Amino acid sequence: MTTKAKPRSAPRAINQRPIAISAVVDIVGVLASLSTDGHVYMYDTNRTGGSTGFGTESLRTKVRTGDTLVWSPLALECEAYVAIDGIEIDPSVAEPVRKVYPGTDVSYWTATVKTVPGEPVPYKIRYRVGTRTEPVTSHQSSFLFG
């Protein structure tokens, strides 16, 4: 039995999976210093796409117009509370919105990249940590770039 090669139709679709961006937060360190400096470690799922700066607070995420971004925090210490209170970024590039996983009170933030300017676009994250009532804003920026 011979097999026929399948004719190639359309080119393969571009990977449309969202880019997950995780912030691992040392809650004890942030509460002790009221600063995120040295206490936040950023990662994303686009290393093969060109992202850099893993494990630092200055993650550089490679994006394309139309990419979906999903930010979520992780506490370094078990049973410590951390949540994202807001993400400060140029709204012409992306407008993050808070969402909640259905049936839970676990939140995450998501945005669609509207445009990718030539220069890296900085953004900062505000965190709610522990029982502190005021959010703590990251001092260093992470970036989106094309």
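**Entry 1. Strand pairing**

I took two strands as paired if DSSP finds at least two bridges between them. The model I worked from is predicted.

I looked up β1 and β4 before the other pairs. Strand β1, residues 19-25, is joined to β4 by seven bridges, and the two strands run parallel. For a single example I picked Val24, whose bridge partner in β4 is Leu74.

I then went to β4 and β7. Strand β7 covers residues 107-112, and its pairing with β4 is antiparallel, over four bridges. Here I noted Leu69, which has Ala111 of β7 as its bridge partner. I wrote down β4 as a strand with a parallel link to β1 and an antiparallel link to β7.

My next pair was β5 and β8. They are antiparallel and share seven bridges. One of the pairings sets Glu88 against Lys124 in β8.

**Entry 2. Overall make-up**

I listed the secondary structure: the protein has one helix and ten strands. Along the sequence I read the order as β-α-β-β-β-β-β-β-β-β-β.

I checked burial next. Of the 146 residues in the protein, 37% are buried. I also looked at how far contacts reach along the chain. Taking contacts between residues at least 6 apart in sequence, 58% join residues at least 24 apart.

**Entry 3. Strand β5**

Is β5 enclosed or open to the outside? I counted six of its eight residues as buried, so β5 is largely enclosed by the rest of the structure. The cut-off I used for buried is under 20% relative accessible area.

**Entry 4. The largest pocket**

I looked for open space and found about 300 Å³ in the largest pocket. The pocket is lined by 13 residues, and those closest to its centre are Tyr81, Val82, Ala83, Val106 and Ser107. I asked which strands feed the lining: β4 (68-75) and β5 (82-89) supply at least two residues each. By class I have nine nonpolar residues in this lining, with two polar and two charged.

**Entry 5. The largest cavity**

How many cavities of 30 Å³ or more are there? I got one. The volume of the largest cavity is about 40 Å³.

I wrote down the residues that line this cavity: Met42, Glu57, Tyr123, Lys124, Ile125, Tyr127, Ser138, Gln140, Ser141 and Ser142. Strand β8, residues 121-129, gives the largest share of the lining, with four residues. The classes are four nonpolar, four polar and two charged residues. I noted that Lys124 is in this lining and is also the β8 partner of Glu88.

**Entry 6. Gly55**

I found Gly55 in the loop between β2 (40-44) and β3 (60-62). Its relative accessible area is 25%, so Gly55 is partly exposed, because that class runs from the 20% limit for buried to the 50% limit for exposed. Leaving aside residues up to four places away in sequence, Gly55 touches Tyr41, Met42 and Tyr43. I also took the C-alpha separation of Gly55 from Asp44, which is 9.7 Å for residues eleven apart along the chain. Of the residues Gly55 touches, Met42 is one, and Met42 is also among those that line the largest cavity.

**Entry 7. Asp90**

I placed Asp90 in the loop between β5 and β6 (97-100). Its relative accessibility is 38%, so I entered Asp90 as partly exposed. The side chains of Asp90 and Ser92 are joined by a polar contact of 2.8 Å. I then checked Asp90 against Val121: the two are 31 residues apart in sequence, and their C-alpha atoms are 7.5 Å apart.

**Entry 8. Positive phi outside glycine**

I noted two residues here, Leu34 and Glu79.

The phi of Leu34 is near 55°, which is positive, and the residue is not a glycine. Leu34 lies in the loop between α1 (27-33) and β2. At 45% relative accessibility, I counted Leu34 as partly exposed.

The phi of Glu79 is also positive, at about 65°. I found Glu79 in the loop between β4 and β5. Is Glu79 buried or exposed? Its relative accessibility is 84%, so Glu79 goes down as exposed, the limit for that class being over 50%.

Methods. Residues are numbered from 1 along each chain as its sequence is written. This is a predicted model: local features need pLDDT of at least 70, side-chain atom pairs count only at pLDDT 80 or more; totals for chains, interfaces and linings use all residues. Side-chain values use heavy atoms; hydrogens and water are left out. Buried means under 20% relative accessible area, exposed over 50%, partly exposed in between (1.4 Å probe, protein chains only). Contact means heavy atoms within 4.5 Å. On a 1 Å grid over the protein atoms alone, a cavity is a set of points where a 1.4 Å probe fits but cannot get out, and a pocket is an open set with protein on both sides within 12 Å along at least five of seven lines; lining residues have an atom within 4 Å of a point. Grid points are joined across faces, edges and corners, and a volume is the space filled by probe spheres set on the points. Ala, Val, Leu, Ile, Met, Phe, Trp, Tyr, Cys and Pro count as nonpolar, Asp, Glu, Lys and Arg as charged, and the others, Gly among them, as polar. A polar contact is a pair of N or O atoms within 3.5 Å; within protein, one must be able to donate a hydrogen and the other to accept it, and residues adjacent in sequence count only if both atoms are side-chain atoms.
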